[in-house]
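Welcome! Here are a few short exercises with worked solutions, meant to be read with the sequence and the 3D view at hand.

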Amino acid sequence: MNIHSFLADDDQQSQQYNFVLNSTNKAQEHRKNDRSEPTLGDSYLRSFAFRLAQQGDYTEAIALLTQLIYRHPYNAVDYNNRGLIYFQSGETQKALYDYNTALKFNPNLASAYNNRANYYATCGELAAALADYDQAIDFNPCHIRAWINRGITWRDLGKYDQAIENFEVALLFGQLEAHIWAERGRTYHLWGDWNYAVADYRRALTQLPSIGNSKDITGYRLRLQLENWLNELLSDQRPIW
């Protein structure tokens with residue numbers, strides 16, 4: 001399987017990211033309270049869990065989301081978000097359980113289908129992954145991550161034309177262009193259309209943070225991956241004397 005990362009959803013957490021940047025003291029305060037006492041707002045706990053996960057503190061992030069689930073045991077979004085963090089921390093079976101629980105409570109939750117599909121794709125169950133990406137897009141045709149991830153999965157199956165079609169649809173939404181150009185470039189690369197691949201790789205690199213910028217971890221990792229792919233392609237193009 002090709003090296004890539006599927007794009008997961010964090011639902012409402014990322015929308016509240018800036019709210020928690022200067023609120024660390026409140027997070028420490030919540031530990032002193034009984035978990036059944038809703039001292040801190042639900043939106044705050046969700047956003048701080050996202051922040052902790054971004055910093056790699058998966059244990060505390062999961063604890064916060066578990067507290068939310070204790071408060072609202074039928075909230076599909078909280079199960080989906082906790083599943084995402086379980087997945088990021090390597091506890092994939094717990095992630096799958098949470099995704100399935102989320103879909104039990106809300107069978108129309110597109111992001112849970114996308115996240116569960118990422119689990120299947122990472123496990124090599126590509127047919128199951130495609131079925132879930134299809135469901136995510138059926139419930140939310142503007143679900144850009146599902147379009148990108150489905151394109152990656154078609155590429156892994158060697159269906160390069162279908163992969164390109166998915167990436168081109170994803171570009172119509174005007175978001176995550178660097179990721180889309182990177183994955184489309186990789187598809188052209190593997191397909192043997194190296195001129196298009198180089199163009200897409202370079203286009204993606206213009207959108208990504210520099211090597212010295214470690215704040216955007218996802219963008220930084222994608223830049224490193226792109227540079228490896230570009231070096232690999234340019235190395236393959238060198239003439240043999």
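## Exercise 1: One residue and its surroundings

Find Ala204, which sits in helix α11, residues 194–205. The model you are exploring is a predicted one. Your task: decide whether Ala204 is buried or exposed, and list which residues Ala204 touches beyond its sequence neighbours.

Solution, step by step:

1. Begin with accessibility. The relative accessible area of Ala204 is 0%. The cut-off for a buried residue is under 20%, so Ala204 counts as buried.
2. Next, look for partners, leaving out residues up to four places away in sequence. Ala204 then touches Ala178, Trp181, Ala182 and Leu226.
3. Finally, take one of these partners, Ala178. Ala178 and Ala204 are separated by 26 residues in sequence, yet their C-alpha atoms are 4.3 Å apart in space.

## Exercise 2: Helices α3 and α4

Work out how helix α3 (residues 58–71) is oriented relative to helix α4 (residues 76–88), and which kinds of residue form their contact.

Solution, step by step:

1. Two packed helices are described by the angle and the distance between their axes.
2. Here the axes come within 9 Å and cross at roughly 165 degrees.
3. Angles over 145 degrees count as roughly antiparallel, so α3 is roughly antiparallel to α4. The crossing is left-handed.
4. Now see who takes part. From α3 come Tyr58, Ala61, Ile62, Leu65, Thr66, Leu68 and Ile69, and from α4 come Asp78, Tyr79, Asn81, Arg82, Ile85, Tyr86 and Gln88.
5. Sorted by kind, the contact residues are nine nonpolar, three polar and two charged.

## Exercise 3: Helices α6 and α8

Repeat the analysis for helix α6 (residues 110–122) and helix α8 (residues 144–156).

Solution, step by step:

1. The two axes come within 10 Å and cross at roughly 20 degrees.
2. An angle under 35 degrees counts as roughly parallel, so α6 is roughly parallel to α8. This crossing, too, is left-handed.
3. On the α6 side, Asn114, Asn118 and Ala121 meet Arg145, Ala146, Asn149 and Thr153 of α8.
4. The contact holds two nonpolar, four polar and one charged residue.

## Exercise 4: The whole chain

Describe the protein chain by its helices and strands and by its buried share.

Solution, step by step:

1. Counting elements gives 12 helices and zero strands.
2. Of the 241 residues in the chain, 47% are buried.
3. The chain exposes about 12,300 Å², with carbon and sulfur atoms supplying 48% of that area.
4. Among contacts between residues at least 6 apart in sequence, 56% join residues at least 24 apart.

Note on methods: Residues are numbered from 1 along each chain as its sequence is written. This is a predicted model: local features need pLDDT of at least 70, side-chain atom pairs count only at pLDDT 80 or more; totals for chains, interfaces and linings use all residues. Side-chain values use heavy atoms; hydrogens and water are left out. Axes are lines fitted to C-alpha atoms, for helices over the stretch in contact, and angles run from 0 to 180 degrees between N-to-C directions. Helices (H or I, at least four residues) and strands (E, at least two) are DSSP runs, numbered from the N terminus. Angles under 35 degrees count as roughly parallel, over 145 as roughly antiparallel, 65 to 115 as roughly perpendicular and the rest as oblique. A crossing is left-handed if the near helix is turned anticlockwise from the far one by less than a right angle, and right-handed if clockwise. Contact means heavy atoms within 4.5 Å. Ala, Val, Leu, Ile, Met, Phe, Trp, Tyr, Cys and Pro count as nonpolar, Asp, Glu, Lys and Arg as charged, and the others, Gly among them, as polar. Buried means under 20% relative accessible area, exposed over 50%, partly exposed in between (1.4 Å probe, protein chains only). Accessible areas come from the Shrake-Rupley method with a 1.4 Å probe; for residues, only the protein chains shown count as cover.
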